[in-house]
Amino acid sequence: MRRLQPLFNLSLLLRNSQNISSSFTTLPPLQYSISHNHPARSVISYFLRSFSTIPASSEAYEVGFVSGHRAHRYKSVDEEEEVVRYVPVKAYFLSTSIDLKSLQVENACDVIPPSSRSLNYIALRYSDFPPEIMDIGFKEHRDHRYSYRYVVVFQYGSAVLFNIADHEAEQYLDIVRKHASGLLSEMRKDDYAVVEKPSLPTWMQGGLDYIVLKSLDIDGIRIIGSVLGQSIALDHYIRQVDDMVEEFTDINRVMEKTGNFDMKRKKLFQLVGKANSNLADVIIRLGLFDRSEIAWKNANYAQILEYLREEYELNQRFGSLDFKLKFVEHNIHFLQEVLQNRRSDLLEWGVIILLTIEIAISMYEIVKDTNIIPS
């Protein structure tokens with residue numbers, strides 16, 4: 001009955017043409033222009049428009065799929081359809097070193113020209129695969145129908161993949177493995193996601209294991225890839241230091257029970273080298289405290305960088321790593337002193353033995369000479 005009421009009002013307005021102008025003035029303002037020469041037609045179009053908009057409010061958005069991942073298409077009466085794109089991100093730590101020069105030479109056609117002077121990573125873009133998935137919406141490629149997939153490779157052994165499904169990751173990692181040395185027996189992995197939402201009121205918005213951006217471009221990929229690559233590599237070095245801490249903990253427990261330890265000098269020196277190399281790799285090779293030129297030039301990328309570093313707790317985790325390394329260093333110094341004392345004791349006993357032998361020889365010669373002299 002409520003939907004028939006406008007038609008009843010319309011019939012009354014058409015019958016009473018003398019009051020049509022006054023009735024027309026009481027209508028709310030319309031979104032479209034109204035012809036003053038045909039007031040009845042304007043009123044009809046208004047009421048038809050009121051009926052056409054009733055069912056539109058029942059659906060706020062509809063759900064589709066982009067690249068096999070969820071994407072929401074938001075609709076309104078006067079706005080164009082908006083697609084919120086979901087871009088999967090995967091970070092891997094697969095080796096202790098990657099030769100970027102040879103990787104760049106072999107994949108020269110896929111290398112994206114660098115936007116900064118950083119030499120510890122390269123970004124690759126692949127578009128020669130069948131376009132089975134839609135464009136993820138980067139500004140510079142919005143009009144293209146290709147499925148762009150990005151791989152950011154770091155010299156210290158990390159690789160970060162963008163817009164690549166799980167079953168496709170291995171073929172891209174094999175490209176990197178050809179130029180890697182010190183491959184790990186157990187590759188470490190971390191998952192993340194980027195949601196591109198053009199209608200976002202702010203430049204970025206954080207979430208649980210994802211980040212929402214107004215737009216995602218190659219500099220955004222570099223910033224996100226750098227933090228994820230550092231984080232997954234830091235996990236590896238933290239695990240290495242944890243193993244050393246556990247080893248020294250076992251030694252201390254044995255010393256607590258027996259008052260002695262049986263570590264060889266060579267093994268101790270190996271632990272010293274391992275601790276020093278881990279600290280050097282984290283500070284120098286990972287560039288954990290290096291300034292990002294991209295973030296330095298653009299405050300939006302600086303905001304992303306700061307948020308991700310805080311989200312992954314890079315500073316706190318490095319502080320924990322540094323504390324553990326100091327514990328290892330303290331134990332190494334203590335054991336070195338013990339081994340040095342043992343060495344000194346051995347040398348002292350050697351000197352005592354040599355002196356004893358020399359005294360014995362001297363006594364023998366004296367006794368021998370005494371027996372030779374005639375009485």
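Select D191 to begin: in this predicted model, D191 is partly exposed, its relative accessible area being 40%. Because that value falls between the limits of 20% for buried and 50% for exposed, the intermediate label applies. If you colour the chain by secondary structure, you will find D191 within strand β7, which covers residues 180–196. Now add V89 to the selection and draw a distance between the two C-alpha atoms: D191 and V89 are separated by 102 residues in sequence, yet their C-alpha atoms are 6.0 Å apart in space.

Move next to N163, which you should look for in the loop between β6 (158–162) and α5. Its backbone deserves a look, since phi of N163 is near 60°, a positive value in a residue that is not glycine. Is N163 buried or exposed? With a relative accessible area of 2%, N163 is buried, because the cut-off for that label is under 20%.

From that loop, continue into helix α5 itself, residues 169–177, and select A169, Y172, L173, I175 and V176, which are the buried residues of this helix. Looking down the axis, you can see that these residues cover an arc of only 145° around it, so they are on the same side of α5.

The following stop is D209, in the loop between β8 (204–207) and β9 (210–213). Here again a residue other than glycine has a positive phi, which for D209 is near 65°. As for its cover, D209 counts as partly exposed, at 48% relative accessibility.

Keep D209 selected and add E306, E310, E311 and E313, for together these five residues form a negative surface patch. To place one of the glutamates, follow E310 into helix α9, which runs over residues 299–311. The patch thus includes both D209, from the loop between β8 and β9, and E310, from helix α9.

For the last stop, go to helix α10, residues 314–372, and pick out W349, which lies in it. Which label fits W349, buried or exposed? At 56% relative accessibility W349 counts as exposed, because that label is given over 50%. Extend the selection from W349 to I352, I353, L354, I357 and I361, and display the surface: these residues make a nonpolar surface patch of about 630 Å². With both patches shown, you have a negative one that includes D209 and E310, and a nonpolar one that includes W349.

Notes: Residues are numbered from 1 along each chain as its sequence is written. This is a predicted model: local features need pLDDT of at least 70, side-chain atom pairs count only at pLDDT 80 or more; totals for chains, interfaces and linings use all residues. Side-chain values use heavy atoms; hydrogens and water are left out. Patches are made of residues with over 30% relative accessible area and no salt bridge: like charges are joined within 9 Å, nonpolar side chains (Val, Leu, Ile, Met, Phe, Trp, Tyr) within 5 Å. Accessible areas come from the Shrake-Rupley method with a 1.4 Å probe; for residues, only the protein chains shown count as cover. A salt bridge is a side-chain nitrogen of Lys or Arg within 4 Å of a carboxyl oxygen of Asp or Glu. Lys and Arg count as positive and Asp and Glu as negative; His and the chain ends are not counted. The place of a charge is taken as NZ of Lys, CZ of Arg, CG of Asp or CD of Glu. Helices (H or I, at least four residues) and strands (E, at least two) are DSSP runs, numbered from the N terminus. Buried means under 20% relative accessible area, exposed over 50%, partly exposed in between (1.4 Å probe, protein chains only). The arc is that of the directions from the helix axis to the C-beta atoms.
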